[in-house]
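Q: Could you take one part of this chain and look at it closely, explaining how it sits within the whole fold? I am a first-year student, so please go step by step.

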Amino acid sequence: MSTDGANRRKYARLDLALTVSYAPLDSSGMPTDPREALSSDLSAGGLRLMMPTQSHMGAQLDLMIYLEGNDDNPVKATGEVLWQNKISPTSFETGVAIRSMPDPDKRRFMEFVFDQMTKVVTHAK
């Protein structure tokens with residue numbers, strides 16, 4: 001039986017480059033040191049980010065995900081760093097699980113992911 005990552009995933013993945021603002025949360029839950037990253041993998045349960053800074057496993061992040069064509073109203077979420085690989089001195093590939101998201105943002109995010117997946121399936125035919 002195969003145990004590779006693709007078979008363990010709960011959600012389908014999309015390879016989308018979206019701008020994501022992130023800020024680590026301090027011990028009181030307040031965001032600190034905001035930065036920007038690009039997504040390179042996206043699902044309903046999390047995203048892979050190309051971050052300019054190193055983070056530690058379990059770090060909590062305040063996220064603002066800018067959906068294509070909607071820069072004025074990002075989706076807000078809280079995420080947790082699950083893994084990180086150093087790609088270069090200034091680039092860290094980082095797996096982030098989405099831990100919470102307000103219901104209105106969750107609806108928008110899920111609609112966006114579904115619409116993007118529909119486009120991928122339509123183009124594959």
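A: Two residues are said to be in contact when they have heavy atoms within 4.5 Å. With that in hand, and keeping in mind that this is a predicted model, we can begin with Leu63, which, leaving aside its neighbours within four places in sequence, is in contact with Val20, Ser21, Tyr22, Leu47, Val75, Lys76, Ala77, Thr78, Gly79 and Val96. Leu63 also belongs to the largest nonpolar core, a set of 24 residues, and together with Leu42 and Phe109 it is listed among those with the most contacts inside that core. At least two residues of this core come from each of β1 (19-24), β2 (35-42), β3 (46-51), β4 (60-66), β5, β6 and α2 (103-124). In soluble globular proteins, nonpolar side chains tend to be buried together.

To see where these elements stand, it helps to step back to the whole chain, which has two helices and six strands, arranged from the N terminus on as α-β-β-β-β-β-β-α. The six strands form a closed barrel that runs β1-β2-β3-β6-β5-β4, with antiparallel pairing. On average, neighbouring strands of this sheet are turned by 45° against each other, direction ignored. Strands of a sheet pair through backbone hydrogen bonds, either parallel or antiparallel. One pair in this barrel is β5 (residues 75-88) with β6, two strands that run antiparallel and are joined by nine bridges.

The close look can now settle on Glu93, a residue of strand β6 (residues 91-100). Is Glu93 buried or exposed? Its relative accessibility is 15%, and because buried means under 20%, Glu93 counts as buried. Across the pairing of the two strands, Asn85 stands opposite Glu93 in β6. Asn85 also appears among the contacts of Glu93, which, leaving aside neighbours within four places in sequence, are Arg48, Leu49, Met50, Trp83, Gln84, Asn85 and Ile87. With Arg48 there is something further to note, since the side chains of Glu93 and Arg48 are joined by a polar contact of 2.7 Å.

Finally, some totals put this part in its setting. Of the 125 residues of the chain, 36% count as buried, and the accessible surface of the chain comes to about 7700 Å², of which 53% belongs to carbon and sulfur atoms. Among contacts between residues at least 6 apart in sequence, 55% join residues that are at least 24 apart.

Notes:
Residues numbered from 1 in each chain as written. Predicted model: local features only at pLDDT ≥ 70, side-chain atom pairs only at ≥ 80, totals over all residues. Heavy atoms only, no water. Helix = DSSP H or I, 4+ residues; strand = E, 2+ residues; numbered from the N terminus. Buried < 20%, exposed > 50% of the residue type's maximum accessible area, 1.4 Å probe, protein only. Polar contact = N/O pair within 3.5 Å; in protein donor to acceptor, adjacent residues only side chain to side chain. Pairing = 2+ DSSP bridges. Axes fitted to C-alpha atoms, helices over the stretch in contact; angles between N-to-C directions. Core = buried A, V, L, I, M, F, W, Y, C linked by side-chain atoms within 4.5 Å. Areas by Shrake-Rupley, 256 points an atom, 1.4 Å probe, with all protein chains shown as cover.
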